[in-house]
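Please keep the sequence and the 3D view side by side while reading. The text below walks through the helices and then turns to a few loop residues.

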Amino acid sequence: ERTETLDSIIQIMICYEDMSNFHEALAWCNKALEKSYNYNLLGIKSKYLFKLGKDDEGISLAEESMKIRGDICKKLNSQGASLGEQGKLEEALKLFNLVLEKDPENYAALENKVKALYSLERYLEVISVIDKFIIDVDSCNPEMLALKGIAVFELGKFLDADLWLYKYLTV
């Protein structure tokens, strides 16, 4: 009897996708979901359903995939915040990074990551992370502006610090 691993099933699924044989790719995706029911595979299955013109099923699965991903990210972010409150900042950072791998625009995780880095006095990283997600100074969390200003100050860039702290005070 032949036993297929999840990896081998996914590789076969990808081969069928590459050949634009979405019926077979979908069949192999279903086999993969039997072994590992997760939001990534649900998203892939949704894509195959759209390719096959089954839009209603595709939308339903896409929504389920996003809900599962959101629930996982929310839980990991909450666990990270709890670790941060306990002073376990490096462990908290690992969880925030996991959330951001799954959802790069998760602002709660970004803010928690900034706070942990700030507490660890890793000011260059604070600035780098804040710069990645502050798109509109007027609509961002003012606390992030303050943390950037203080981080810049700690690095001895006093004029830049004044600018960021002024933005914080005027938002």
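Two elements are said to be in contact here when they have heavy atoms within 4.5 Å. In that sense the buried residues of α4 pack against α3, α5 and α6. The model is a predicted one.

Helix α4 is a convenient place to start. It has 31 residues, and its first and last C-alpha atoms are 45 Å apart, close to the 45 Å expected at 1.5 Å a residue. The residues of α4 that are buried are Gly58, Leu61, Ser65, Cys73, Leu76, Asn77, Gly80 and Leu83. After α4 comes glycine 87, which has a positive phi near 85°.

Next is helix α5, made up of residues 89-102. Its 14 residues reach 20 Å from the first C-alpha to the last, close to the 20 Å expected at 1.5 Å a residue. Which residues of α5 are buried? They are Leu89, Ala92, Leu93, Leu95, Phe96, Val99 and Leu100. These residues lie on the same side of α5, because they cover an arc of only 165° around the axis. Lys94 and Glu101 are exposed, and they sit on the face of α5 turned away from its buried side. The cover over the buried residues of α5 includes α4 (55-85) and α6 (107-119).

The packing of α5 can be taken one partner at a time. The axes of α4 and α5 cross at roughly 165° and come within 8 Å, which means that α4 is roughly antiparallel to α5. This crossing of α4 and α5 is left-handed. On the α4 side the residues that meet α5 include Cys73, Leu76, Asn77, Gly80 and Leu83. On the α5 side the residues that meet α4 include Leu89, Ala92, Leu95, Phe96 and Val99. Comparing these names with the burial lists, Cys73, Leu76, Asn77, Gly80 and Leu83 are among the buried residues of α4, and Leu89, Ala92, Leu95, Phe96 and Val99 are among those of α5.

The other partner is α6. The axes of α5 and α6 come within 9 Å and cross at roughly 155°, and the two helices are therefore roughly antiparallel to each other. The crossing of α5 and α6 is left-handed. From α5, the residues in this contact are Leu89, Leu93, Phe96, Asn97, Val99 and Leu100. From α6, they are Ala109, Leu110, Asn112, Lys113, Ala116, Leu117 and Ser119. Leu89, Phe96 and Val99 of α5 are also among the residues that meet α4.

From α6 the path continues to helix α7, residues 123-133. How do α6 and α7 pack, and at what angle? Their axes are 8 Å apart and the angle is about 160°, so α6 and α7 are roughly antiparallel to each other. The crossing of α6 and α7 is left-handed. The contact is made on the α6 side by Tyr107, Leu110, Glu111, Lys113, Val114, Leu117 and Tyr118, and on the α7 side by Tyr123, Glu125, Val126, Val129, Ile130 and Phe133. Leu110, Lys113 and Leu117 of α6 are also among the residues that meet α5.

The loop between α6 and α7 holds glutamate 121. Its phi is near 60°, a positive value in a residue other than glycine. Most residues other than glycine have a negative phi. Glutamate 121 counts as exposed, because its relative accessibility is 56% and the cut-off for exposed is over 50%.

Going back towards the start of the chain, helix α3 covers residues 39-51. It has 13 residues, which should span 18 Å at 1.5 Å a residue, and its end C-alpha atoms are 18 Å apart. Buried in α3 are Tyr39, Leu41, Leu42, Lys45, Ser46, Tyr48 and Leu49. Among the elements covering them are α1 (6-18), α2 (22-35), α4 and α5.

The loop between α1 and α2 contains serine 20 and asparagine 21. Serine 20 has a positive phi near 60°. Asparagine 21 is partly exposed, with a relative accessible area of 29%. Asparagine 21 and leucine 165 are 144 residues apart along the chain, and their C-alpha atoms are separated by 57 Å.

The last stop is leucine 169, in helix α9 (residues 158-170). Is leucine 169 buried or exposed? Leucine 169 is exposed, at a relative accessible area of 67%. From leucine 169 to isoleucine 150 the C-alpha distance is 13 Å, with their positions 19 residues apart in sequence.

Definitions and conventions
Residues are numbered from 1 along each chain as its sequence is written. This is a predicted model: local features need pLDDT of at least 70, side-chain atom pairs count only at pLDDT 80 or more; totals for chains, interfaces and linings use all residues. Side-chain values use heavy atoms; hydrogens and water are left out. Helices (H or I, at least four residues) and strands (E, at least two) are DSSP runs, numbered from the N terminus. The expected span of a helix is 1.5 Å times one less than its number of residues. Buried means under 20% relative accessible area, exposed over 50%, partly exposed in between (1.4 Å probe, protein chains only). The arc is that of the directions from the helix axis to the C-beta atoms. Axes are lines fitted to C-alpha atoms, for helices over the stretch in contact, and angles run from 0 to 180 degrees between N-to-C directions. Angles under 35 degrees count as roughly parallel, over 145 as roughly antiparallel, 65 to 115 as roughly perpendicular and the rest as oblique. A crossing is left-handed if the near helix is turned anticlockwise from the far one by less than a right angle, and right-handed if clockwise.
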